[in-house]
Amino acid sequence: MAGFTAVILAAGEGTRMKSGIPKVLHKVCGYPMLFHVINSAKKAKADKIVVVVGKGAGEVKKAFQDEGLEFVLQAEQKGTGHALLQAKEAVKGSENLIVLYGDMPLIEPDTIERLFEFHIERQPAATVLTCIFDNPYGYGRIIRENEKVIAIREEKDASEEEKLIKEINSGIYCFNTEKVFSALKKVRNDNRQGEYYLTDVVEILNSEGEEVLAFKVENSDEVQGINDRVQLSKAQTIMQRKIIEALMKEGVTFINPESCVVDMRVKIGRDTVIYPNVVIEGETEIGEGCTILGNTVIRDSKIGNNVEISASFIAESEIGDGAKIGPFANLRPGTKICKNVKIGDFVEIKNSSIGEGTKVPHLSYIGDAEIGEKVNIGAGVIFVNYDGYKKHKTVVKDKAFIGCNSNLIAPITVEEGAYVAAGSTLTKDVPSKALAIARAMQENKLGWVEKRKKLFEGGEN
Ligand code: UD1
Ligand code: CA
């Protein structure tokens, strides 16, 4: 079968979003809505993808620079028809075009493929993907004569009678390239919005004796256009549900799926249980048999098997099998936790590696450190990594024991099996198997309380 070029219109102002960010960069399940449209076009096997950019063109191009797309600029946003015209040179040589709008992230590749198959089989000048909406408000209405589409009328230009039509224009079309560009030349902007509407080619093609057909789909979710933040949140809900259901079907338990946020590319192994209020974002991978308890946020991290995490924040980190994290741990970027490590409550770690079987059970800060295996870090230990100008490294070797409330002033190394007495502030390396004590010695003043009492409450002197 012949192929097609996809043209995605993404230049619009996005006025209704009331935003400083270009509309198509607003995210749904972790990725810009335009990303989802591009992704579907790719999966539907488009030969080439052309994106028409305008509002925030620089930002949009930057966000998708590695996707193998061709960008064309619509310098002024004069309407969807004008937008497609800008792609004329870029689509030269392809017989069929599929036009998609950048603000419909829920569109499935299969639907695009079916539209294309229908178009190839029937060979009209244009095929419009349509759908019946209970509430068609805001969408272009399909004016039909039996099978044929005679016109598409925008909400703002529709008569009262036309507004009653429930069949809407999804904003996805398949065109014969030559015919659509010849019709586009004739589109005028004498409408309520003063725009050059792409939808007007339907009437023009009809007047030239060309055929325009509708390809009607049943699933109204897929063709929701996003113009404002209410629609954005509805799209999020629909896509979120799909992502979580797909994971559930692969063997992941979600105790309360409605309360969780899981980005599109997240991978989770079977028999992992996700409790309520868990947020899993970005390129995160979680292994099998894990328990992720409530109020945890995991972002761009790799979690092994049988890991337990509760009420913690984890970003750009790696966690080995069997580790236990939290509650209330904050693992910042560059944290690498090996197997069977325990990180307890109120522990903050950044840019550090923690060896197998090591325990950091409570109230510590670890920054820029390399900690070996089976180390014990007592409560309240602080790795003093910053001197006000530079960060310095701390090394704690295997089986070392760091007593509670110690400060390790970096750069410093505690050798294998060494002990650090509680309350020490270390500035020098500690040799293997030595005990370091770096605190004032204790002195007990016998009878001091009685003496003091006499002093203040009378009696002698
Ligand atoms: C459009 C359709 C409407 C359809 C609806 C489906 C037209 C005239 N109307 O209306 O029939 O039911 O989508 O969601 O096409 N864009 C540009 N350049 C422009 C204007 C828009 O690239 O000058 C892009 C936008 O970035 C957006 C898309 O085209 O991705 C649609 O524009 P939008 O303003 O959202 O059109 P709607 O009013 O939703
Ligand atoms: Ca729209």
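Strands are DSSP runs of E with at least two residues, helices are runs of H or I with at least four, and both are numbered from the N terminus. The model described here is predicted.

The calcium ion, ligand 2, has two protein donors, Asp 103 through OD and Asn 227 through OD1, at distances of 2.2 to 2.4 Å. Asp 103 belongs to the loop between β6 (96–101) and α4 (109–122), and Asn 227 to the loop between β11 (212–217) and α8; the pair therefore ties together parts that are 124 residues apart in sequence. Residues under 20% relative accessible area are classed as buried. Asp 103 has a relative accessibility of 12% and so counts as buried. Asn 227, at 16%, counts as buried because its value also falls under that limit.

Ligand 1 is surrounded by 24 residues, of which Gln 74, Gly 79, Tyr 101, Glu 154 and Asn 169 come nearest. Gln 74 places a polar side-chain atom 2.7 Å from a nitrogen atom of ligand 1. Backbone atoms also approach ligand 1: a backbone N or O atom of Asn 169 is 2.6 Å from an oxygen atom of the ligand, and a backbone N or O atom of Gly 102 is 3.3 Å from an oxygen atom of the ligand.

The second largest pocket has a volume of about 370 Å³. Its lining consists of 16 residues, and those closest to the pocket centre are Lys 43, Glu 108, Met 239, Ile 243 and Met 264. Two elements, α1 (33–43) and α8 (229–249), each give two or more residues to this lining. The largest share, five residues, is contributed by α8. By residue class, the lining of the second largest pocket contains 10 nonpolar, three polar and three charged residues.

Glu 67 is located in the loop between α2 (57–63) and β5 (70–73). With a relative accessibility of 24%, Glu 67 counts as partly exposed. Its C-alpha atom is separated by 9.4 Å from that of Asn 39, and the two residues are 28 residues apart along the chain.

A further loop, between β25 (330–331) and β26 (336–337), contains Thr 335. This residue has a relative accessibility of 2% and therefore counts as buried. Two backbone oxygens lie within reach of polar contacts with the Thr 335 side chain, where the cut-off for such a pair is 3.5 Å. The backbone oxygen of Arg 332 is 2.8 Å from a polar atom of that side chain, and the backbone oxygen of Ile 349 is 3.2 Å from a polar atom of the Thr 335 side chain.

Some backbone geometries depart from the usual pattern, in which most residues other than glycine have a negative phi and most peptide bonds are trans. Gly 326 and Pro 327 are joined by a cis peptide bond with omega about 0°. Pro 327 is in the loop between β24 (324–325) and β25. A cis bond also runs from Ala 410 to Pro 411, with omega near 0°. Pro 411 is in the loop between β37 (407–409) and β38 (412–414).

Positive phi values occur at Lys 18 and at Asp 300, neither of which is a glycine. For Lys 18, phi is about 50°. Lys 18 is found in the loop between β1 (5–10) and β2 (27–28), and at 72% relative accessibility it counts as exposed. For Asp 300, phi is about 45°. The position of Asp 300 is in the loop between β19 (297–299) and β20 (302–303), and its relative accessible area of 34% makes it partly exposed.

Helix α9, residues 448–457, is hardly covered, since the count of buried residues among its 10 residues is zero. Gly 458 follows α9 and has a positive phi, near 90°.

Conventions: Residues numbered from 1 in each chain as written. Chains lettered and ligands numbered in written order. Predicted model: local features only at pLDDT ≥ 70, side-chain atom pairs only at ≥ 80, totals over all residues. Heavy atoms only, no water. 1 Å grid on protein atoms, 1.4 Å probe; cavity = no way out; pocket = protein on both sides within 12 Å on 5 of 7 lines; lining within 4 Å. Points joined across faces, edges and corners; volume = space filled by probe spheres on them. Nonpolar A, V, L, I, M, F, W, Y, C, P; charged D, E, K, R; others polar. Donors = N, O, S within 2.8 Å, 3.2 Å for Na, K, Ca; no water. Buried < 20%, exposed > 50% of the residue type's maximum accessible area, 1.4 Å probe, protein only. Near = heavy atom within 4 Å. Polar contact = N/O pair within 3.5 Å; in protein donor to acceptor, adjacent residues only side chain to side chain.
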